[in-house]
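User: I am new to reading protein models and would like to learn how to look at one feature after another. Could you take me through this one?

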Amino acid sequence: MRPDYSDAMKPTSTLPAARGALPPTGAPIASGRPSGNGAARIPPIQCLLTFEALARLRSVTQAAEEQCVTPSAVSHRVRQLEEIIGTKLFGRADFSLTTEGSEYLAHVREGLAMLEKFPSSAAAPGKRKLRLAVTPTFARAILIPRLRQFTDAYPEIDLTLQVSIPLLDVVAEDADLMVRFGTGRYADIEHICLMKDNITPMASPTFVREHGPFETAHDLQNVPLLRSPLEPWRTWFAAHGLDWPEPMDGSQFNDMGLLCDGAAAGMGVALVRHKLGAPWLDNGALVRLGSNALFTHKVPSPHAHYLCWRTGMMDRWECAAFAEWLKKAVA
């Protein structure tokens, strides 16, 4: 099934015979390949930008939004580009590329990347759109408090935040960049490590007063341990030479922010990441169980936060700018 280009350009005889104008009706349309006299027509930049956006987003609506034009304009531009270069770029209704389209896309991206290196070279009009998928607690505790720095530094980028919970298969669709928490073994995408963290048992001040003092690890055996598949207790147990099994009873949370909220409400002891739990620590909602080495020793979490993206996404300057800023912001 062919893509629907119902908005294709209509020929007209009223266009001026100026450079870049379409030839009169009935005249052959120039292709991107050299003609007999060695001349070749270079496609308009807006056609190339629109083609790249549609190939990447595979949605006329999203491409139109990014380019700040109407969906009809997207169809016009793609049709014009196909006529100029003399080949079909999209082969199916889902906007998958033809073989020629894939080859041409590589050349277009290379050319656009070179142009973007020069500040005087104008890119697409309007603001650039950047969609970021983040886990809930990372967004609230780490990203949002720092995000004003990015928006002040890059006012030309409109950022859209979407919630993603990979553990529950809640994944933001069509995100340009994603923040994931895990082992970093992601074979399907490119990624960099953003932030590692340490873990420590913590609870509310009231809970510690009522159930303490906590002086040895065995003092934890008589209190409820809050659980999360995102941060199993076995890591902390192993770091202190304990062969205890993973707790099977007690309240369980699939979000680290909710885990911290539960502990702050006095529900039990939670295994808290220091950086991610900073808001609760700073306002005194959570405290360490004691001041001895058992509860002050830094135990690294086996997981970390990673910034992930699909191959080729960093060719977009807004993605590269955000990645560079985020690395520094959380360092």
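User: Which side chains meet R131 or D176 in a salt bridge, and how should I read such a pair?

Analyst: This is a predicted model, and that should be kept in mind throughout. The general idea is to look for a side-chain nitrogen of Lys or Arg within 4 Å of a carboxyl oxygen of Asp or Glu. Here the side chains of R131 and D176 form such a bridge, with 3.3 Å from N to O. The next step is to ask where the partners sit along the chain: R131 belongs to strand β1 (residues 128-134), whereas D176 lies in the loop between β2 (157-163) and β3 (177-182), so that the pair links distant parts of the chain, 45 residues apart.

User: Are R131 and D176 buried or exposed?

Analyst: Both R131 and D176 are buried, where buried means under 20% relative accessible area. The two residues also belong to a network of salt bridges, in which they are linked with E52, R56, E66, R109, R128, R316 and E318.

User: How many salt bridges does the structure hold, and how far apart along the chain are R148 and D152, which form one of them?

Analyst: The structure holds 15 salt bridges. In the bridge between R148 and D152, the closest N and O atoms are 3.0 Å apart, and because these residues are four apart in helix α5, they are separated by about one helical turn. R148 counts as exposed, at 58% relative accessibility, while D152 is partly exposed at 48%.

User: What are the relative accessible areas of E82 and K88, and how do I read them?

Analyst: E82 and K88 form a salt bridge in which the closest N and O atoms are 4.0 Å apart, and each partner should be judged separately. E82 has a relative accessible area of 4% and is therefore buried, whereas K88, with 37%, is partly exposed.

User: At what angle do the axes of helix α1 and helix α3 cross, and how do I put that into words?

Analyst: The general idea is to compare the angle with fixed ranges, of which 65 to 115 degrees counts as roughly perpendicular. The axes of α1 (residues 45-57) and α3 (residues 71-85) come within 9 Å and cross at roughly 105 degrees, and therefore the two helices are roughly perpendicular to each other. On the α1 side the contact involves Q46, C47, L48, T50, F51 and L54, which meet V74, R77, V78, Q80 and L81 in α3. Sorted by character, the residues of this contact are seven nonpolar, three polar and one charged.

User: At what angle do α5 and α11 pack?

Analyst: Helix α5 (residues 136-153) and helix α11 (residues 317-329) pack at about 125 degrees, with axes 11 Å apart, and they are therefore oblique to each other. Their crossing is right-handed. In this contact L143, R146, L147, Q149 and F150 of α5 meet A321, F322, W325, L326 and A329 of α11, and the residues divide into eight nonpolar, one polar and one charged.

User: Which residues does a cis peptide bond join, and what is the phi of R58?

Analyst: For the peptide bond, the angle to read is omega: it is about 0 degrees in the cis bond that joins G212 and P213. P213 lies in the loop between α6 (205-211) and α7 (234-239). R58 has a positive phi of about 55 degrees although it is not a glycine, and its place is in the loop between α1 and α2 (60-67). At 42% relative accessibility, R58 counts as partly exposed.

Definitions and conventions: Residues numbered from 1 in each chain as written. Predicted model: local features only at pLDDT ≥ 70, side-chain atom pairs only at ≥ 80, totals over all residues. Heavy atoms only, no water. Axes fitted to C-alpha atoms, helices over the stretch in contact; angles between N-to-C directions. Parallel < 35°, antiparallel > 145°, perpendicular 65-115°, else oblique. Contact = heavy atoms within 4.5 Å. Nonpolar A, V, L, I, M, F, W, Y, C, P; charged D, E, K, R; others polar. Left-handed = near helix turned anticlockwise from the far one by under 90°. Buried < 20%, exposed > 50% of the residue type's maximum accessible area, 1.4 Å probe, protein only.
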